[in-house]
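I opened a notebook page for this chain and wrote down what I looked up, in the order in which I looked.

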Amino acid sequence: PPRSTLFPYTTLFRSDFFDHQEQARKRTSLLLVYFVIAVGLIILSVYAVISAFIVAGGDGPAHLRPVFFEPERFFAVAIGVVFVILLGTLYQLSALGGGGAAVARMLGGEPVQPNTTDPTERKLLNVVEEMAIAAGTPVPEVYLLGKERSINAFAAGTTPANAVVGVTRGTMELLTRDELQGVIAHEFSHILNGDMRLNIRLIGLLFGILVLGIIGRVIIEASAQSTSARRSSDRNGGAAALALA
């Protein structure tokens, strides 16, 4: 068809593309807001548990018993929770400081050697190199998740210089060359738009939250061991309450 008949459709496509791109960025901002809300709810939950134990364990005259809400206690709990989350986050970010290669190895990936003679691996490397040239970025290292037969891929790293592209064996072996190009091009969009850098940060933040769960599990296990060592009814009741908390 003449160029004049194609132009409106091209304009419409560009409009839809950038609209979707703007919506995606807004959803990313909303995701960060949800994280802040989650941390706030965690602080409230931990405070409620601690206060419940303090109030339940109080005795003496009613006017001297501890109250459920005390600003100083809430402030101390909030500082403690945020400190644990930050500590866990910094630890995980330092573990991922090596860039995308650290993430790929964490997922069980193995680097595809540049001098490989395997035809499917050779095809994968060629496609990644083509996409890098088209995107104007350094050629990322390629990792293969050899035990994964499903079709999936990822890009990881903090900058294009330390980015890696990982693919599952299913992606490498089941897709045609054109389909593989589409998948790899999609991963390069994550490299160019900074999505992978955001993902690295979110991994660190989520691990910081996970540390609280790890601490809780350790407390439960320690309580169970204490209960088995001391078979008193009071201890059993305390352990059950602690496990519930």
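Which residues of the largest nonpolar core touch the most other members? I kept in mind throughout that this is a predicted model. The core has 20 residues, and those with the most contacts to other members are L124, V167, I184, F188 and I191. I then asked which elements supply the core, and found that α4 (119-135), β2, β3, β4 and α6 each bring at least two residues. The greatest contribution is that of α4, with 6 residues. I also noted a second core that lies apart from this one, with 11 residues, including L96, V103, Y143 and I200. As general background, nonpolar side chains tend to be buried together in soluble globular proteins.

**Entry: I191.** I listed its contacts, leaving out residues up to four places away in sequence, and obtained A155, P160, A163, V165 and M196. Two of the names on that list, A155 and V165, came up again when I turned to the strands, where V165 in β4 is the bridge partner of A155.

**Entry: the sheet.** I traced an open sheet of 4 strands, in the order β1-β2-β4-β3 and with mixed pairing. Its edges are β1 (110-111) and β3 (153-156), each of which pairs on one side only. Going through the pairs, I found β1 antiparallel to β2 (residues 141-145) over 2 bridges, with P111 opposite Y143 of β2; Y143 is also among the residues of the second core. Next, β2 and β4 are parallel over 5 bridges, and here L145 stands opposite T168 in β4. Finally, β3 and β4 run antiparallel and are joined by 4 bridges.

I then checked how far the strands are covered. In β2, 4 of the 5 residues are buried, while in β4 the count is 5 of 5. For β4 I separated the two faces: V164, G166 and T168 are buried on one side, and V165 and V167 are buried on the other. Helix α6 (residues 177-193) lies across β3 and β4 (164-168), and its direction makes an angle of about 25 degrees with β3.

**Entry: helix α4.** I looked at its length before its packing: α4 has 17 residues, and its first and last C-alpha atoms are 24 Å apart, close to the 24 Å expected at 1.5 Å a residue. Its buried residues are E121, L124, L125, V127, V128, M131 and A132. Seen down the helix axis, these fall within an arc of 160 degrees, so they line one face of α4. What does that buried set pack against? I found β2, β4, α5 (169-174) and α6. The face turned away from the buried side carries P119, I133 and A134, which are exposed. Just after the helix comes G136, with a positive phi near 70 degrees.

**Entry: α2 and L212.** I moved on to helix α2 (residues 71-95), where the 25 residues should span 36 Å at 1.5 Å a residue, and the end C-alpha atoms are indeed 36 Å apart. The buried residues of α2 are R73, V77, A78, V81, V84, I85, G88, T89 and Q92. Three of these, V81, V84 and I85, are touched by L212, which also touches I42, again not counting residues up to four places away in sequence. L212 belongs to helix α7 (residues 195-229). I asked whether to enter L212 as buried or partly exposed; its relative accessibility is 22%, and buried means under 20%, so L212 counts as partly exposed. Along the chain L212 and V84 are 128 residues apart, yet their C-alpha atoms are separated by 7.2 Å.

**Entry: the whole chain.** I closed with the totals. The secondary structure comes to 8 helices and 4 strands, and along the sequence the pattern reads α-α-α-β-α-β-β-β-α-α-α-α. Of the 245 residues, 27% are buried. Among contacts with a separation of 6 or more, 61% are between residues 24 or more positions apart.

Terms used
Residues numbered from 1 in each chain as written. Predicted model: local features only at pLDDT ≥ 70, side-chain atom pairs only at ≥ 80, totals over all residues. Heavy atoms only, no water. Pairing = 2+ DSSP bridges. Contact = heavy atoms within 4.5 Å. Axes fitted to C-alpha atoms, helices over the stretch in contact; angles between N-to-C directions. Core = buried A, V, L, I, M, F, W, Y, C linked by side-chain atoms within 4.5 Å. Buried < 20%, exposed > 50% of the residue type's maximum accessible area, 1.4 Å probe, protein only. Expected span 1.5 Å × (residues − 1). Arc of directions from axis to C-beta.
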